[in-house]
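Hi everyone, thanks for coming. Let me put today's structure up on the screen, and then we can walk through it together.

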Amino acid sequence: MEENNTLHASDSIDKSRIVEAKPLRSLAPVLPNHIQSCFRANYPSGFPPLYSFEKPQEIPLPKGAQEVHVDAETAEEIDVSAKETPVAAKVTPIRFYKSSVDEEVNPRADGDVKSFREGLNGEEFVDDTRKRGGESIQNCKEFLKRKKNKKTREAGFDGQTSSSVGVNPSPNDDGNRESVNHVLMTYDSIRRRLCQLEDSKELNSSLAIKRADLRASNALTCKGIKTNLRRRAGAVPGIEVGDIFFFRMEMCLVGLHGQSMGGIDYMNFKDGSKEDTVALSVVSSGMYGDDTEDNDVLVYSGQGENFNKKDKHVTDQKLQRGNLALDRSAQRHDEVRVIRGLRDAVSRTAKIYMYDGLYKIQDSWIERGKSGGGIFKYKLVRLPGQKSAFGAWKLAQKWKAGSASRNGFILADLSNGVESIPVSLVNDVDDEKGPAFFTYFTSLKKPKPFGLVQPSFGCNCKACIPGDLNCSCIQRNEGDFPYTANSILVSRKPLIHECGPMCRCLPNCKNRVSQTGLKPHMEVFRTKDRGWGLRTLDPIRAGSFICEYAGEVIDKAKVSQNDEEDNDEYIFDTSRIYQPFKWNHDPRLLEEVSSNVLSEDYTIPSPLIISAKNVGNVGRFMNHSCSPNVFWQPVLYAENNQSFLHIVFFALKHIPPMAELTYDYGFVLAGHAEGSSALRRKNKCLCGSEKCRGFFG
């Protein structure tokens, strides 16, 4: 039974001696008058500053006193409205507060539902089934049972270590770029597969959940597929400024932000005999007036509920938990990671998060809310010399609204109205006025039919539904619908069959993704050393359709005879050698009954060569990279009683705004000699990636 040793404001207390109490158990320390008097900043009437930043100074503790220790707990930053009440008017014992497991989730908290939260030494699973439709209680019990055994927690499937799925045990504590990319791609592959299963209703009803992001995170956590488990302040290995995340669980898995819901991530540490707390990162949801006109400044609202449900009255935020951690980090001038959250233009109920780099807390104060309550405010300023991230995103949004005033602006729409979304043309590098003349075309010109054993006819569906095995197009895709409900490609395949003009389904059928035109805003721009390039003005999710490689289909014999491929920089040849990579999910991670791993190798019976020199679309401007963010996928659909093959590009990973879109051009054997192992080093590669092979083509 809890002891009620709360000290009320009406009790007789000599506040000047509270700091000297031993041990100090208050979550909201009250400073003596002689310390408070040293604060000399201008703040709203009735509210003292948290700390004076005009003259940074250490506040010495009286002899025998000890610093406050705060248990880690997730809590989202919220907008508060409370009546005016002096902060720290009541001293409350630590035991008075509920544990992090029992405490209710703030109903206004944004982001992903809390399925588990990270601590210093592992993960703690929290059942949130009742509130947000998370995992079943039985799954939670099984998860906790597995986590009790350290060997089980570190082991992968079949009793093997996590290295069996691509992440060695060593990068788990301290990651790198490769391990971060692997974890993120593995997570998204599992999430896409779960979405596919949910769409087709193949999951058992007791396990079915709509939050595939949570179950995917649990699947990876159970197998030990995480990185950067060692909690740290400052930069996180393998995560670059400007990286974007479509789910908060992604940030948890790679160690960027440890809270699945909380806006402030922090940890306790020992400094000699003392314990203190440090803020690691903050997520600005963009909902509480945090943004300023200066993109390098963030005014962050503190965390804490402002409404007492029991007594039905508003309260002030308290200097505890994340608020206390930010205050302590401000005094020490610690670096704090800042993640910015913005609304997803594709899904208005979702958010996209961007890592904006390291900030320092320059100022803090208490501000009166709309209804009179006290809100902690922290002014964070971005450290100079970092890559532009959030600023570039805001600039891209501005350019989408109107590009005419931009430096180097040439043309508002390169497609001349052919695309539903205009493609701007800019050059702020040199005096080049534009690419050589070509005819803009969105698909293949003079395509050649693709021979199939099966007859070429469309489906008879009024509306193609995932899981409907009566649909002939789904049958050709081995029973799986190739895309999720929001038009994301689930898996790479040797060949994908889409519905086409011969099908009876509507033109907006979800199985016609590659035929619906451009979705993200793009622009053709002049690079410094690689000619013209293509970049996106929108954030792009992994698996999203980019564009088709449009152009004229060329006969293979004609190309070989006239050496046309050597003279044409806009050739796409499916017979080239392409660097293999894994993108699909591993069925063993979901413990699927079928252990058949989908082949990701291209198996096109007859080569397809496309030239975009005279006819093409934005695809002709994508440059080569040995570490690309786009990949190509063969897609087939029927027209005029015949099937035609198309080359379609999809996002290999999440792509932030203003990033250049690139794919692997591949390479050929010297002289096209059959059985030859010598590589033709036609073009010098300037991609600049760590895995650059030095040549392409």
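Let's begin with a sheet: in what order do its four strands lie, and is the sheet open or closed? Before I answer, please keep in mind that this is a predicted model. The sheet is open, and reading across the four strands you meet β12, then β13, then β17, then β18, with mixed pairing. At the edges stand β12, residues 409–411, and β18, residues 532–536. Each of those two has a single partner strand, so one side of each is left without a neighbour in the sheet. If you compare neighbouring strands here and ignore direction, they are turned by 30° against each other on average.

Let's zoom in on one edge. Strand β12 runs antiparallel to β13, residues 424–426, and two bridges join them. Which residue of β13 is the bridge partner of F409? That would be V426.

Now for the salt bridges. How many does the structure hold? The total is 25, and I'd like to show you a few of them.

Here is one between the side chains of R230 and D174, at 2.8 Å from N to O. R230 sits in the loop between α7 and β3, while D174 sits in the loop between α5 and α6, so this pair ties together parts that are 56 residues apart in sequence. Both ends can be found without much digging: R230 is partly exposed, at 45% relative accessible area, and D174 is partly exposed too, at 34%.

Next, please look at helix α6, where D188 and R192 are four residues apart, about one helical turn. Their side chains meet in a salt bridge, again with 2.8 Å from N to O. Are these two buried or exposed? Both D188 and R192 are buried.

My last example is R332 with D276, whose closest N and O atoms are 2.9 Å apart. R332 belongs to helix α9, residues 321–332, and D276 to strand β5, residues 274–284, so a helix and a strand are tied together across 56 residues of sequence. The two ends differ in their surroundings: R332 is partly exposed, with a relative accessible area of 27%, whereas D276 is buried, at 9%.

And this pair has company. Which residues are linked with them in a network of salt bridges? Besides R332 and D276, the network takes in D327, R328 and D334.

That's my tour for today, and I'm happy to go back to any part of it.

Note on methods: Residues numbered from 1 in each chain as written. Predicted model: local features only at pLDDT ≥ 70, side-chain atom pairs only at ≥ 80, totals over all residues. Heavy atoms only, no water. Salt bridge = Lys/Arg side-chain N within 4 Å of Asp/Glu carboxyl O. Buried < 20%, exposed > 50% of the residue type's maximum accessible area, 1.4 Å probe, protein only. Pairing = 2+ DSSP bridges. Axes fitted to C-alpha atoms, helices over the stretch in contact; angles between N-to-C directions.
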